[in-house]
Amino acid sequence: MGAIVRSETYYRRPSTCTQQIWDAASWPERALIYLEYVLHMRIPRPEGDNGLTAWARIDSGRWLAECPIDGSAQVVTPTDPRMTCCRDFTGWTTLIMPADPEAVEAPLLELSTRYQFWWNPDDPANPNQPPADPGPGGEQ
């Protein structure tokens, strides 16, 4: 039980990054700084928007989004709804977030992390979609 994890509480400044550089970076940029340190590799910085969108969701108590190209996931934040993939380097992907993230988080806060899940109802990957209407003459 507890707060839903966002970039702000997940990514920490690595020892290889000065406080000045960390403070000047946005949360999506801080994710790249952190991932460079963890993965021991340089990650090219996006030069702009790549025109792609990804759905953000809460997964085991964390805000996550998956790269729309290769499916790799990253912890994200509603305060700066964008991400870039550290595998395909395609640029900034715009995240589709709920209008009121705090309202989405509120009912999950009393649950154990193992039950803290939320999918946008419009996300085509949402596993909780109602079955499609078979239409006239379809099976009942």
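Glu 36 is buried, with a relative accessible area of 11%. This value comes from a predicted model. Glu 36 forms a salt bridge with Arg 45, and the closest N and O atoms are 3.0 Å apart. Arg 45 has 37% relative accessibility, so Arg 45 counts as partly exposed. A buried residue here meets a partly exposed one.

Other charged pairs follow. The count of salt bridges comes to nine. One of them links Glu 105 with Arg 6, again with the closest N and O atoms 3.0 Å apart. Where do these two residues sit? Glu 105 lies in helix H4 (residues 101-105), and Arg 6 lies in the segment before helix H1 (7-10), so their salt bridge ties together parts that are 99 residues apart in sequence. Are the partners buried or exposed? Glu 105 counts as buried, at 9% relative accessibility. Arg 6 counts as buried too, at 12%.

A further salt bridge joins the side chains of Glu 66 and Arg 57, at 3.1 Å from N to O. Glu 66 is partly exposed, with a relative accessible area of 33%. Arg 57 is buried, at 9% relative accessibility. Salt bridges with shared partners connect Arg 57, Asp 59, Arg 62 and Glu 66 into one network.

Now turn to the sheet. It is open and has five strands, in the order S3-S2-S1-S5-S4, with mixed pairing. Which strands form the edges? They are strand S3 (73-75) and strand S4 (82-83), and each pairs on one side only.

Follow strand S5 (residues 92-96) to see the mixed pairing. S4 and S5 run antiparallel and are joined by two bridges. Across this pairing, Met 83 stands opposite Thr 93, and Arg 82 stands opposite Thr 94. S1 and S5 instead pair in the parallel sense, over four bridges. There, Ala 54 stands opposite Leu 95 of S5. In a regular strand, side chains alternate between the two faces of the sheet. A helix also meets this region. Helix H3 (residues 27-39) lies across S3, S4 and S5, and H3 runs at about 120° to S5.

Leu 95 leads on to the nonpolar core. The largest core has 13 residues, and Ile 58, Trp 63, Val 76, Leu 95, Met 97 and Trp 118 touch the most other members. Strand S1 (49-59) and strand S2 (62-66) each supply at least two residues of this core. S1 gives the most, with three residues. What does Leu 95 touch, leaving aside residues up to four places away in sequence? Its contacts are Ala 54, Ala 65, Val 76, Pro 81, Arg 82 and Met 83. A second, separate core has nine residues, including Tyr 11, Cys 17, Ala 25 and Trp 27.

Cys 17 raises the topic of disulfides. A disulfide is a covalent bond between the sulfur atoms of two cysteines. How many does the whole structure hold? The search finds zero. Cys 17 is in no disulfide, and the nearest cysteine sulfur, that of Cys 86, is 17 Å away. Cys 17 is buried, with a relative accessible area of 6%. Cys 85 is in no disulfide either, though the sulfur of Cys 67 is 3.8 Å away. Why does that pair not count? The two sulfur atoms would have to be within 2.5 Å, so a pair at 3.8 Å does not qualify. Cys 85 is buried as well, with a relative accessible area of 3%.

Methods:
Residues are numbered from 1 along each chain as its sequence is written. This is a predicted model: local features need pLDDT of at least 70, side-chain atom pairs count only at pLDDT 80 or more; totals for chains, interfaces and linings use all residues. Side-chain values use heavy atoms; hydrogens and water are left out. A nonpolar core is a set of buried Ala, Val, Leu, Ile, Met, Phe, Trp, Tyr and Cys residues joined through side-chain atoms within 4.5 Å. Buried means under 20% relative accessible area, exposed over 50%, partly exposed in between (1.4 Å probe, protein chains only). Contact means heavy atoms within 4.5 Å. Two strands pair if DSSP finds at least two bridges between them. Axes are lines fitted to C-alpha atoms, for helices over the stretch in contact, and angles run from 0 to 180 degrees between N-to-C directions. A salt bridge is a side-chain nitrogen of Lys or Arg within 4 Å of a carboxyl oxygen of Asp or Glu.
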